[in-house]
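Subject: Structure for your review

Hello,

Please find the structure below, followed by notes on what was found in it.

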Amino acid sequence: MTKNIMLNSTTIDKFKAGLRGELIQRSDPHYEEARRLYNGMIDKRPLLIARCADVADVISAVRFARENELLTAVRGGGHNGPGLGSCNDGLVIDLSLMKGVRIDPQNRTVRAEAGCTQGGVDHAAHAFGLAVPAGIVSSTGIAGLTLGGGHGYLSRKYGLTIDNLLEADVVLADGSVVVASATEHEDLFWALRGGGGNFGVVTSFLYRAHPVSTVYGGPIFWDLKDASVVMKWYREFLAKAPLDLSPFVHLGIVPSTDPFPKGIWGKKTCGRVVCYTGPLEQVEEAVVRPIRKELPPPILDWMGPMPFQALQTLFDPLLPKGMQWYWKGDFVKELSDRAIELHVEHIGKVPTELSIAHIYPINGAVHKVGRHETAWNCRDATWSLVICGIDPNPANAPALKTWAKEYWDAIHPHNLKGAYVNYLMEEGEERIRATYGGNYDRLAAIKKKYDPTNFFRVNQNIKPA
Ligand SMILES: Cc1cc2nc3c(=O)[nH]c(=O)nc-3n(C[C@H](O)[C@H](O)[C@H](O)COP(=O)(O)OP(=O)(O)OC[C@H]3O[C@@H](n4cnc5c(N)ncnc54)[C@H](O)[C@@H]3O)c2cc1C
């Protein structure tokens, strides 16, 4: 019997009384709401959820869990595909109350607490005409995203989120607190940049920010019948496109809802979602002419100037919390003609209107960092692919899984072995090792140093060496 089953109410009450935040138990009326994750397909029932208000609460939660041998999960934004921000019958260290963001416009840095969402960071930074290179959906947690690597519209120009990480405050498995940076605990800092939540609870991040304000961006879609032409063109175009331009491939169905024009509702499409951060007077030459004039007429073209923050929230209305999600990911080096054929074939069988495949460019500045400079090993991948079966209706879960798995089975032989850790489901040690490649052994050694008992194991787990 694990010790947690014997936890008595006095022990729990004492822990609760010491927190500035709140402790949510199964008997609490808001337990059901509090345990819910972004992915409605995941149904985990933790014993306790400690909503920490500050670093002291996090220390106390780590110590409590150790003393009582509780399985412990750490939750930033709760967006993780396989639900690794929660666990069954254990303790969830929930950071969602810790949302402070401080911008230093002189030094162009952003300090964000670990409960921030992408939207929280974007909102604070945009007021100063700045942005941190990170993800593309505002409800995503900045913590899990950063620790896995983090890619989005600014990656080609400014690198991954981890390439812009300057410092992190970390509560370690023994409850002590350290700062990890290029000059303090350098080994830990190296591991945090891509190694996920394996090494401790990060309570705040310091990022380098960049001047990004009004961008030229938005979606442009073609009928799926033109997909092969559009994708082959894109493959060549990306190799020479200015780094200010980041167009990712969106394959899916036009949702049957406003604001999409009724005439194209339900149409299968191959699209681009574009972000151009260069001078607007050069947009015609860099974006408009190549995309609009060298390709067949699109069925929808909403590209235009907009605040970066608006581009970052474009997908939000379509992606509320609680839908069914099933993910499969891969790193892609080359998009061969055969791979393009397979993408088109499997998008042709897409099971629901919200299901998608996205192919994000991660070349440019991402390739300027060496594969051993951070834990993110796959610096030679040109794209990060994600296939997502998505639908509000739980009855469609089996169809989402089957489609995503069949699609991935067909396309994976054309890709690299590993995948972005934030796009993995629970796929076993081999996939994790393939993702970290030659960095795995160093990660395992650092894990042994900072977390020898594998206390932090609800994650894409790296076992202590
Ligand atoms: C709609 C959607 C859009 C997305 N778009 C992008 C994108 O554009 N770019 C991109 O790079 N990724 C994207 N992702 C993937 C995203 O990076 C992962 O889902 C990531 O896990 C989310 O982080 P989180 O904090 O919300 O996750 P959580 O579920 O809270 O946690 C995920 C993992 O990180 C660990 N963790 C979380 N916080 C901490 C912490 N403070 N200290 C230590 N460990 C911690 C957890 O233990 C867990 O293992 C997207 C996901 C979704 C659902």
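**The open sheet and its helices**

Strand 1 and strand 2 (residues 48-51) run antiparallel and are joined by four bridges. One residue pair on these strands can be named: Glu22 has Arg51 in strand 2 as its bridge partner. Please keep in mind throughout that this is a predicted model.

Helix 1 (residues 9-17) packs on the sheet and touches strand 1, strand 2 and strand 4 (91-94). The direction of helix 1 makes about 150 degrees with that of strand 1. Helix 3 (residues 55-67) also packs on the sheet, where it touches strand 2, strand 3 and strand 4. For helix 3 the angle is taken with strand 4, and the two directions make about 170 degrees.

As for the sheet itself, it is open and made of four strands in the order 1-2-4-3, with mixed pairing. Strand 1 (22-25) and strand 3 (72-75) are the edge strands, each of which pairs on one side only. On average, neighbouring strands of the sheet are turned by 20 degrees against each other, direction ignored.

**The ligand**

Which residues come nearest to the ligand? There are 34 residues around the ligand, and the nearest of them are Gly76, Gly78, His151, Val202 and Tyr420.

Three polar distances to backbone atoms are worth listing:

- Val74: a polar backbone atom is 3.0 Å from an oxygen atom of the ligand.
- Gly77: a backbone N or O atom lies 2.9 Å from an oxygen atom of the ligand.
- His151: a backbone N or O atom lies 2.7 Å from a nitrogen atom of the ligand.

The ligand taken alone exposes 950 Å², and the protein buries 97% of that. The elements giving two or more residues to the shell around the ligand are strand 3, helix 5 (142-148), strand 10 (201-208) and strand 17 (324-332). Helix 5 gives the largest share of that shell, with four residues. Strand 3 thus appears twice in these notes: as an edge strand of the sheet and as a contributor to the ligand shell.

**The segment after helix 14**

Asp451 is placed in the segment after helix 14. Is Asp451 buried or exposed? The relative accessible area of Asp451 is 0%, so this residue is buried. A polar atom of the Asp451 side chain lies 2.9 Å from the backbone nitrogen of Phe456. Apart from neighbours within four places in sequence, Asp451 is in contact with Ala173, Asn198, Phe456 and Pro464.

Asn454 is also found in the segment after helix 14 (440-450). The phi of Asn454 is near 60 degrees, a positive value in a residue other than glycine. Asn454 has 9% relative accessibility and therefore counts as buried.

**Other backbone points**

Arg108 has a phi near 50 degrees, again a positive value in a residue other than glycine. Arg108 lies in the loop between strand 5 (101-104) and strand 6 (109-113). With a relative accessible area of 41%, Arg108 is partly exposed.

Where is Pro259 placed? Pro259 is in the loop between strand 13 (245-253) and strand 14 (268-276). The peptide bond leading from Asp258 to Pro259 is cis, with omega near 5 degrees.

Regards

How values were computed:
Residues numbered from 1 in each chain as written. Predicted model: local features only at pLDDT ≥ 70, side-chain atom pairs only at ≥ 80, totals over all residues. Heavy atoms only, no water. Pairing = 2+ DSSP bridges. Axes fitted to C-alpha atoms, helices over the stretch in contact; angles between N-to-C directions. Contact = heavy atoms within 4.5 Å. Buried < 20%, exposed > 50% of the residue type's maximum accessible area, 1.4 Å probe, protein only. Near = heavy atom within 4 Å. Polar contact = N/O pair within 3.5 Å; in protein donor to acceptor, adjacent residues only side chain to side chain. Areas by Shrake-Rupley, 256 points an atom, 1.4 Å probe, with all protein chains shown as cover.
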